[in-house]
Amino acid sequence: MNGDGALERLKREGRIVVVGASLAGLRAAETMREKGFAGELTMIGDEPYEPYDRPPLSKQVLLGMATAEGTALPRRRDIDAKWRLGVPAAGLDMAARRVRLADGDEVEYDRLLIATGVRARPWPNPDEAGLDGVFVLRTRGDAAALERALAAGPGRVLVIGAGFTGSEIASACRERGLSVTVAERGDAPLVGALGGVVGAVAAEMHRENGVDLRTGIMVTGLEGDSSGRVRAAHLSDGTTLEAEVVVVSLGAQRNTEWLAGSGLGAGPRGIACDAGCRAFDIWGIVTDDIYVAGDVARSPHALFGYQFLSLEHWGNAVAQAETAAHNMLSRSSERRPHLWVPAFWSSQFGVNIKSVGVPSMGTEIVITQGSRAERRFVGVYGYQGRVIGAVTFDQCRWLDFYEQQIEQTAPFPPPYPTVDRRPEGERPIPADFPDPSVPTHGPTITLSGYSPADRRMTFTPAHN
């Protein structure tokens with residue numbers, strides 16, 4: 001057998017291990033089988049469930065319209081895999097090509113895909129986080145427990161953090177007729193992801209729908225009663241708020257701790273990989289047998305100055321997983337880059353919010369269609385004279401057009417007139433993003449510079 005034939009056989013056979021029984025992990029496994037991989041496939045997941053869909057957890061499940069158990073992802077095909085569920089990965093030996101599990105077992109691989117995603121950032125005080133009635137929302141179990149608590153009709157719910165997830169939780173509480181307070185250390189909801197101009201619209205939506213929104217406020221502590229149940233929160237303005245349910249929505253942490261000491265370029269910002277999803281080691285040298293996909297990946301993007309981006313987006317997880325799977329089974333000349341344009345959506349207070357590109361890179365914004373006052377508009381973000389992102393509030397029909405503008409590096413401000421352009425869209429205004437050195441809740445895109453390695457980076461968790 002010639003060299004090409006041996007390589008082809010290795011690509012189609014052998015042992016592939018996927019760490020992360022997630023959306024990205026499942027779609028990658030399906031793609032591998034579709035492309036003819038006939039070898040041994042092992043799926044490792046820290047939760048006891050097969051892959052499920054996360055967006056419904058903060059929407060339909062909290063409203064009681066769907067059960068957490070009913071969120072299993074549909075299968076495109078049978079992947080004929082060995083499932084290792086409920087036992088997280090605990091270490092990686094790159095030289096021996098082995099994944100160590102928390103129960104002490106080891107799984108050997110020829111090629112490895114890491115799709116471990118993110119987890120909810122916990123409340124920083126473990127004793128307070130352990131109080132009955134204090135929740136985070138990330139997993140199926142989280143959603144089921146929180147829905148039961150909301151269905152019991154608590155007197156007041158406190159949501160700490162007004163990013164997308166926190167805002168969706170607040171919206172679900174109001175739809176259920178519950179009193180809800182939202183504490184946000186920034187100047188407005190969604191400010192870290194969409195800036196202050198759009199954040200002001202989100203703040204009005206909260207208040208018009210009966211949310212007790214408190215911005216520029218930090219929760220300094222949670223207080224429990226004698227039975228160990230949360231009863232109140234202490235705020236940075238000196239006030240105390242009584243609450244029977246507290247939902248901590250402080251953003252996400254990437255699941256990379258198990259890779260400490262492995263030699264892989266992994267850290268709190270994610271696992272660095274090239275445009276073809278191949279992981280870097282700590283020296284910035286690309287590996288050829290370890291790939292990364294989904295929320296845990298940090299990859300450079302040609303449209304955004306080749307900065308490394310970490311994306312917490314459903315569509316990105318699917319597209320990157322398919323690219324990783326294709327490249328894992330392909331010769332170097334047949335590999336392709338992952339160039340998906342970031343896209344995100346949220347539904348809150350009856351308004352459909354969608355974005356494309358990287359709004360948080362924008363320094364200016366112009367309203368090109370509709371009106372902020374009517375909660376129906378398109379905002380286009382500019383950076384160094386080009387269109388870098390766009391957001392729509394109940395105007396999603398324009399989204400494909402602005403995605404094309406971003407891909408074509410169109411000039412900013414957009415030079416064309418539009419039928420639905422109002423006076424407020426005549427000129428760009430500052431997008432009003434907060435200082436990037438000050439953490440904010442809920443950005444779904446993180447720009448993390450140009451270095452593929454995190455060896456000099458330190459990380460200080462937020463104490464909101």
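**Exercise 1. List the residues that V157 touches beyond its sequence neighbours, and place V157 in its core.**

Solution. Leaving out residues up to four places away in sequence, V157 touches L150, C173, L178, S179, V180, T181, V245 and V247, where contact means heavy atoms within 4.5 Å. The model is predicted, so local features need pLDDT of at least 70 and side-chain atom pairs pLDDT 80 or more, while totals for chains, interfaces and linings use all residues. Residues are numbered from 1 along each chain as its sequence is written, and side-chain values use heavy atoms, without hydrogens and water.

Next, the core. V157, L194, Y381 and F393 touch the most other members of the largest nonpolar core, which has 67 residues. Such a core is a set of buried Ala, Val, Leu, Ile, Met, Phe, Trp, Tyr and Cys residues joined through side-chain atoms within 4.5 Å; buried means under 20% relative accessible area, exposed over 50%, and partly exposed in between, with a 1.4 Å probe and protein chains only. Helix α6 (residues 191-208) gives the largest share of this core, eight residues. Another core, of 25 residues, lies apart from it and includes L23, A28, A29 and M32.

**Exercise 2. Compare the span of helix α4 with the expected value, and find what its buried residues pack against.**

Solution. Helices (H or I, at least four residues) and strands (E, at least two) are DSSP runs, numbered from the N terminus. Helix α4 covers residues 140-151, which is 12 residues. The expected span is 1.5 Å times one less than the number of residues, here 16 Å; the first and last C-alpha of α4 are 17 Å apart, close to that.

The buried residues of α4 are R140, D142, A143, A144, L146, E147, A149 and L150. Their packing partners are β9 (134-135), β10 (157-160), α5 (164-175) and β16 (245-248). After α4 comes G153, with a positive phi near 75°.

**Exercise 3. Why does C277 count as buried, and which residues surround it?**

Solution. C277 sits in the loop between β19 (270-272) and β20 (278-280). C277 counts as buried because its relative accessibility is 0%. Neighbours within four places aside, C277 is in contact with I290, Y291, V292, Q320, T323, A324 and H338. For D288, 11 residues from C277 in sequence, the C-alpha to C-alpha distance to C277 is 9.9 Å.
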